[in-house]
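Please explain this structure to a reader who is meeting it for the first time. The account should proceed element by element, in running paragraphs.

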Amino acid sequence: MKHSAPIFFLMLMVALGCKPQVPSEYIQPDELEDMLYEYHVAEAMARNSSENVDYKQTEYFLAVLEKHHVTEADFDSSLVYYYSHAERLKDIYLSVHERLANDAKKLGASVGDINRYSQYSETGDTANIWRDETAMLLIPRPTKNRFDFVVKADSTFMLGDSFMFQFMTEHIWQSGSKDAVVCIKTTYEKDSVIQSVNHVSISGISQLRIPSNNTLKIKELRGFIYMPQVDDEMEARRLMFISQIQLIRFHNKVIQEQYENNVAAEVAKTDSLQRIDITRGPKQDTLRHNIGTGLRSKSAPFRKGGTSDGVATGLHQIEKAK
């Protein structure tokens, strides 16, 4: 046992030593986290300013670079490096987002729209049914600038359900308009399809609503969030960090009650018809029965071309009397 501690620490040092390090010519993770945090604080201030937002954001960004003694070229080259290590950049942004959220709580921010539905259970009338990743980073590189998802309907989905897809975003955007796209294709019974699209152009809450269908049940929701690629390396300073993804489902009680009542009425009607048919029972073939026994209704006429045994006996008796 006395040798176990040194061995453990030796293994720990080896493990730490094997962890890939960021080359010294690039901004190190801790410093980059501080810079991104300060930039997004400044960005929020710019959004609340009455002056030109784009101008103020650029001004604040340059101020952050100056504070950390980093040039724009150094920042851009570091960002390109982190693009190739997207998971590390995502971890940095998770820490930045947590710091921003804590700041909001300290300032007394109330529960916003993005968290309003988190308390509801999955089986309630209003519920967050999102079960995929809740945070991701999109960068302007092939395969890394788009997030796809599919939500299959289950027993908790009901006729008349509507949905709201929502998330928080933080951007770094060097130039041009911020124009990411969120799209959801809703497939219903009989393969009927409705497509809902929205553009993501600002930092903060983004929402996309999927209206209810009161006649067809949903089979699946299939969607994506897409950020355009950048061909010019000189304008590579673009990224979008997405967090707190939610898909809120709303049951429509009125439509559901109407549907259940209609189903119950159809079941009752079918059940009543079955009971009536069983009560009546099978019909007897009285005509074939009468022919077989020689019986005949008093009102029924004789058939042409033949007589029964009883009629033949009566005619014989009349001839004998003559």
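**A guided reading of the model**

In the hairpin formed by strand 5 and strand 6, 4 residues lie between the strands, and Lys190 adopts a positive phi near 65°. The model under discussion is a predicted one. This hairpin offers a convenient point of entry.

The two strands of the hairpin, strand 5 (residues 180-188) and strand 6 (residues 193-200), run antiparallel and are joined by 8 bridges. Individual pairs can be located along this ladder. Val182 of strand 5 has Asn198 of strand 6 opposite to it, while Lys185 faces Gln195 in strand 6.

Strand 5 has a further partner. With strand 8 (residues 218-226), strand 5 again pairs in the antiparallel sense, over 8 bridges. Here Thr186 stands opposite Leu221 of strand 8. Strand 5 is thus joined to strand 6 and also to strand 8. As to its surroundings, strand 5 is mostly covered, with 8 of its 9 residues buried. A general remark may assist in viewing such an element: along a regular strand, side chains alternate between the two faces of the sheet.

Attention may now turn to a single residue, His171, which belongs to strand 4 (residues 162-173). Is His171 buried or exposed? Its relative accessible area is 0%, and His171 therefore counts as buried, since the term applies to values under 20%. The side chain of His171 makes a polar contact, at 3.2 Å, with the side chain of Ser203. Leaving aside residues up to four places away in sequence, the residues that His171 touches include Tyr39, His40 and Glu43, as well as Lys178 and Val200. Ile202, Ser203, Leu239 and Met240 are also among the residues touched by His171. Of these, Val200 lies within the range of strand 6, residues 193-200.

The last element to be considered is helix 3, which comprises residues 53-67. How far apart are the end C-alpha atoms of helix 3? They are 21 Å apart, and this agrees with expectation, because 15 residues at 1.5 Å a residue should span 21 Å. The buried residues of helix 3 are Lys56, Gln57, Phe61, Val64 and Leu65. Among the elements that cover these buried residues are helix 2 (29-47) and helix 4 (72-83). After helix 3 comes His69, which has a positive phi near 55°.

Terms used
Residues are numbered from 1 along each chain as its sequence is written. This is a predicted model: local features need pLDDT of at least 70, side-chain atom pairs count only at pLDDT 80 or more; totals for chains, interfaces and linings use all residues. Side-chain values use heavy atoms; hydrogens and water are left out. Two strands pair if DSSP finds at least two bridges between them. Buried means under 20% relative accessible area, exposed over 50%, partly exposed in between (1.4 Å probe, protein chains only). A polar contact is a pair of N or O atoms within 3.5 Å; within protein, one must be able to donate a hydrogen and the other to accept it, and residues adjacent in sequence count only if both atoms are side-chain atoms. Contact means heavy atoms within 4.5 Å. The expected span of a helix is 1.5 Å times one less than its number of residues.
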